[in-house]
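I opened a fresh page for this one and kept my notes in the order I looked things up. Come along if you like reading over a shoulder.

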Amino acid sequence: MGWIKNIETEIGILGLWELDDSLNDLLPGFRFSENERATFDAIKFERRKLEFLVVRLLVDRLLQTKSEIYYDEAGCPHLKDNPLNISISHSHELVVVFLSERRIGIDAENINRNIEKVATRFLSENEKKQVANAKNVNATMVLYWSAKEAVFKCAGLQNVQFNRDIRISRDENENNERFCAELIKNNLQNIYTCQSFLFKNNVVVYCVEENRKILSQ
């Protein structure tokens, strides 16, 4: 299947690529920079090589030009010689890339992923109640995890405790594809708008930072 589509949003543009290609299929269509070739050759596992290649092919398709990705000391991706912000995620079946002038984050997860054992690490007590009352408990749990991952990437902060620092505000009975989140850390309150959609067996959540303010001591 390979590249699926680009989606224009009011925030930016995102691309989806289904991971069913082989390296032999993709290598002839990619032009490596010197740094990309060195990084690619150092990757030991074929699956990781495939993800590396697909992300960069998808970025080139979104920008319609060649652009390199580099990572800062915190592990956050950036585009070389391009002011757009970038966020990247992949599940076992899907790679997603999001580009925007604003602060953004994106995450993709298999909707059937079993994360119940680690629920206490990322859900607050109130969120546990929300999940327990949902029509599909596991799918909602995965959605919350994906939303918090997207917020974490958007914030670019370290040592964030998901079950304490990130809070999801979502009404199961309303338009639950669009909801809010906040991250309170280091005396800062960040507010986010989140948007979710399903692609086959994957939930994709992307977010944008709406407001950031310093809390009073």
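Below are my entries, from the whole chain down to single residues.

**Entry: the whole chain**

I reminded myself at the start that this is a predicted model. I then looked up the secondary structure and found seven helices and eleven strands in the protein chain. The radius of gyration came next: it is 18 Å, close to the 17 Å that the globule rule gives for 217 residues, so the chain is as compact as a globular protein of that length. For the outer dimensions I noted a C-alpha trace that spans about 50 × 40 × 35 Å along its principal axes.

How much of the chain is buried? I wrote down 51% of the 217 residues. I also looked at contacts with a separation of 6 or more, and 53% of them are between residues 24 or more positions apart.

**Entry: the five-stranded sheet**

I went to the open sheet of five strands and jotted down its order, 7-11-10-9-8, with antiparallel pairing. Which strands sit at the edges? They are strand 7 (104-110) and strand 8 (166-169), each of which pairs on one side only. I checked the twist too: neighbouring strands in this sheet are turned by 25° against each other on average, direction ignored.

Within the sheet I followed strand 10 (residues 188-199) and strand 11 (residues 202-214), which pair in the antiparallel sense over twelve bridges. To have a landmark there, I noted that F197 stands opposite V204 in strand 11.

Then I asked what lies across these strands, and the entry reads helix 6 (residues 137-155). Helix 6 lies across strands 7, 8, 9, 10 and 11, and runs at about 150° to strand 7.

**Entry: two loops with positive phi**

I stopped at two loops of this region for their backbone angles. N186 is in the loop between strand 9 and strand 10, and its phi is near 55°, a positive value in a residue other than glycine. Is N186 buried or exposed? With a relative accessible area of 60%, N186 is exposed; the cut-off for that word is over 50%.

K200 was my other stop, in the loop between strand 10 and strand 11. K200 is not a glycine, yet it has a positive phi of about 50°. Its relative accessible area is 55%, so I put K200 down as exposed.

**Entry: a hairpin**

I moved on to strand 5 (residues 85-90) and strand 6 (residues 94-100), which run antiparallel and are joined by six bridges. Strand 5 and strand 6 form a hairpin, with three residues between them. As a landmark for the pairing I picked N85, whose bridge partner in strand 6 is S100.

**Entry: aromatic rings**

How many aromatic pairs does a search of the whole structure find? My tally says seven. I drew up one of them, F30 and F32: the ring centres are 4.8 Å apart and the planes are at 90°, so I filed the pair as edge-to-face. Both F30 and F32 are buried.

I then turned to F40 and F52. Their ring centres are 6.0 Å apart with the planes at 50°, so this pair is tilted; an edge-to-face label would need planes over 60 degrees apart. The pair links distant parts of the chain, since F40 belongs to helix 2 (residues 34-42) and F52 to helix 3 (residues 46-63), twelve residues apart. F40 and F52 are both buried.

Putting these together, I noted that ring pairs link F30, F32, F40 and F52 into a cluster.

I looked for charges by the cluster as well. K49 lies over the face of F40, 4.2 Å from the ring centre. Over the ring of F52 sits the charged end of R56, at 3.6 Å from its centre.

**Entry: one more residue in helix 2**

Before closing the page I checked T39, which is found in helix 2. Its relative accessibility is 41%, so T39 counts as partly exposed. I took one long distance from T39, to N211: the two are 172 residues apart in sequence and 36 Å apart in space, C-alpha to C-alpha.

Note on methods:
Residues are numbered from 1 along each chain as its sequence is written. This is a predicted model: local features need pLDDT of at least 70, side-chain atom pairs count only at pLDDT 80 or more; totals for chains, interfaces and linings use all residues. Side-chain values use heavy atoms; hydrogens and water are left out. Two strands pair if DSSP finds at least two bridges between them. Helices (H or I, at least four residues) and strands (E, at least two) are DSSP runs, numbered from the N terminus. Rings of Phe, Tyr and Trp (its six-membered ring) pair if their centres lie within 6.5 Å; planes under 30 degrees apart count as stacked, over 60 as edge-to-face and the rest as tilted. Buried means under 20% relative accessible area, exposed over 50%, partly exposed in between (1.4 Å probe, protein chains only). A charge sits over a ring if NZ of Lys or CZ of Arg is within 6 Å of the ring centre and within 35 degrees of the ring normal. Axes are lines fitted to C-alpha atoms, for helices over the stretch in contact, and angles run from 0 to 180 degrees between N-to-C directions. Contact means heavy atoms within 4.5 Å. The radius of gyration is taken over C-alpha atoms; the globule rule is 2.2 Å times the number of residues to the power 0.38.
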